[in-house]
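Could you show me how to read pockets and nonpolar cores in a protein model? I would like the general idea, and then the case at hand.

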Amino acid sequence: MEKRRACMLLCQWSFTKAISNHCRVLHRALCFQRSSNQVIRFYGSAPLERSASFSEIKSEDINYFKSILGENNVIQDPDRLQPANTDWMDKYKGSSKLMLLPRSTEEVSHLLRYCDSRSLAIVPQGGNTGLVGGSVPVFDEVIINMSSMNKIISFDKASGILVCEAGCILENLESFLDNEGFVMPLDLGAKGSCQIGGNVSTNAGGLRLVRYGSLHGNVLGIEAVLANGTVMDMLGTLRKDNTGYDLKHLFIGSEGSLGIVTKISILTPPKLSATNVAFLACNDYFSCQKLLFEARRKLGEVLSAFEFLDSHAMDVVLKNLDGIRNPLPPYNFYVLIETTGSDESYDREKLETFLFRLMESGLILDGVVAQDINQVLSFWRIREGIPEALMKSGAVYKYDLSLPLEKMYDLVDEMRARLGHPANVVGYGHLGDGNLHLNITAPHYDDAILAQIEPYVYEWTSKHRGSISAEHGIGLMKANKIHYSKPPEVVQLMVSIKKLMDPNGILNPYKVLPHHLSANN
């Protein structure tokens with residue numbers, strides 16, 4: 001095949017001609033060429049070819065799926081498939097012709113056993129709110145969407161342990177627990193759409209990890225179905241269980257590449273009566289960092305969130321989202337602090353004393369404490385609205401990084417100097433747990449800009465012993481970049497585990513692991 005220019009990831013609508021075939025460039029995403037039954041897609045400069053080991057859907061497959069699920073739960077309508085084939089950012093687009101909606105673990109087991117026997121590749125899908133292409137097909141994989149498995153199975157008020165199916169929407173679980181006097185240990189901007197199974201499968205972090213920790217600590221048990229249909233019942237509700245290997249952790253963060261999570265048991269903390277939110281201004285990043293240090297020392301037992309954003313992030317929100325205003329005059333950096341405790345007057349006095357002392361010292365330049373729930377929501381809306389506002393700014397290059405606190409904003413400064421105009425470099429994130437969301441916007445997607453960003457961002461992160469994925473996962477976007485955060489021996493062990501648990505490689509192929517290592521799986 002004659003050499004042709006690779007279509008860069010994140011490109012605009014356009015059409016190009018190939019020598020022997022037509023090559024169509026999809027919106028912001030992919031270029032693919034058909035040669036008989038094979039498909040090649042280009043991500044950056046690396047071609048990705050549909051695995052020849054996977055079968056294509058036949059009419060008898062459809063008939064089998066209908067016999068298990070019924071007609072209404074076997075989706076072939078292009079209009080219903082379109083949003084399931086496209087990620088939230090409209091960045092990755094698959095070409096699946098089939099979506100299945102199982103209603104029970106037994107049905108998931110039947111589907112996987114059959115797909116494995118037929119070598120039909122599948123993509124597990126929840127709310128499809130991911131940002132790294134992990135929840136949509138790359139080619140024509142069968143979509144197994146878990147939204148119909150949305151039952152709350154049990155809740156024990158004595159222990160705070162919730163057992164539910166994987167398709168439960170996070171916000172619905174929060175509403176249920178609120179009525180019971182409890183809260184979910186994670187809170188995400190996408191809570192109105194994301195599902196708990198997807199949260200667990202990506203080890204989602206969110207806004208209150210600084211208080212409640214990660215899902216590796218809060219998830220007590222999991223039920224998952226392996227590629228061959230075997231149901232792994234690890235749905236324990238015990239706080240302590242040291243009998244052998246704790247295999248549930250293999251499924252937390254593996255993005256559906258080792259099995260489909262069908263049920264979860266999770267420890268939920270009691271809902272505390274006193275919540276206070278302060279929106280503060282700092283002169284520089286060092287002040288934000290020092291403020292975090294002081295907050296941990298003085299507010300430790302009640303500190304539940306510590307978020308930061310720079311002036312560029314604030315400007316994007318004010319420009320692109322209606323009804324939002326900055327409660328403070330313009331400053332270089334802003335910090336949102338939330339405290340949660342059981343004594344309203346004590347907690348508020350503690351927070352206000354803390355803020356007054358640091359304003360006197362000059363560490364905090366300005367600030368306001370929310371006086372009612374409306375102000376609480378308006379402060380959080382600024383922080384949670386940043387991703388939406390960025391999407392309205394044009395082309396967005398998103399990077400989710402864990403870095404040492406003292407180095408975190410250095411990368412933002414360096415990218416700003418490196419890219420110049422017209423790129424706008426935005427820095428914000430979960431300062432309380434060292435998670436930077438580096439976002440770069442431009443009028444349109446540009447190969448030259450991407451070449452300036454990658455691999456520099458990954459190399460810089462690796463040099464400073466950070467992680468190229470703090471909470472978004474690896475998905476398709478970073479599958480070939482995992483070596484920046486994990487040594488070869490660790491990656492090879494991951495490949496071995498994948499081959500052991502999914503020998504035919506049908507579960508979420510082309511994701512998580514480097515393509516050249518997992519291609520023959």
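The dialogue below takes up a pocket, the nonpolar cores and one charged residue of this predicted model.

Q: Let's start with the pocket. What volume does the second largest pocket have, and which residues are closest to its centre?
A: Its volume is about 840 Å³. The lining counts 29 residues, and Val183, Asp187, Arg208, Thr275 and Glu338 are the closest to the centre.

Q: Which elements give two or more residues to that lining?
A: Look at α4 (170-180), β15 (274-282), β17 (333-341) and α12 (373-384). Of these, α12 gives the most, with 6 residues.

Q: And how does the lining of the second largest pocket divide by class?
A: You will find 12 nonpolar, 5 polar and 12 charged residues there.

Q: Now the interior. What is the general idea behind a nonpolar core?
A: In soluble globular proteins, nonpolar side chains tend to be buried together. Here the largest nonpolar core has 114 residues, and Leu291 and Tyr399 touch the most other members. Helix α14 (residues 408-419) supplies the largest share of this core, 6 residues. There is also a second, separate core of 28 residues, with Phe279, Ala281, Met314 and Val396 among them.

Q: Which residues are in contact with Leu291, leaving aside neighbours within four places in sequence?
A: Among them are Leu280, Cys282, Phe306, Val335 and Ile337. Phe354, Leu358 and Leu363 are also in contact with Leu291.

Q: Is Glu294 buried or exposed?
A: Glu294, in helix α9 (residues 285-298), counts as buried because its relative accessible area is 7%, under the 20% cut-off. Not counting residues up to four places away in sequence, Glu294 touches Leu299, Phe354, Arg357, Leu358 and Leu363.

Note on methods
Residues are numbered from 1 along each chain as its sequence is written. This is a predicted model: local features need pLDDT of at least 70, side-chain atom pairs count only at pLDDT 80 or more; totals for chains, interfaces and linings use all residues. Side-chain values use heavy atoms; hydrogens and water are left out. On a 1 Å grid over the protein atoms alone, a cavity is a set of points where a 1.4 Å probe fits but cannot get out, and a pocket is an open set with protein on both sides within 12 Å along at least five of seven lines; lining residues have an atom within 4 Å of a point. Grid points are joined across faces, edges and corners, and a volume is the space filled by probe spheres set on the points. Helices (H or I, at least four residues) and strands (E, at least two) are DSSP runs, numbered from the N terminus. Ala, Val, Leu, Ile, Met, Phe, Trp, Tyr, Cys and Pro count as nonpolar, Asp, Glu, Lys and Arg as charged, and the others, Gly among them, as polar. A nonpolar core is a set of buried Ala, Val, Leu, Ile, Met, Phe, Trp, Tyr and Cys residues joined through side-chain atoms within 4.5 Å. Buried means under 20% relative accessible area, exposed over 50%, partly exposed in between (1.4 Å probe, protein chains only). Contact means heavy atoms within 4.5 Å.
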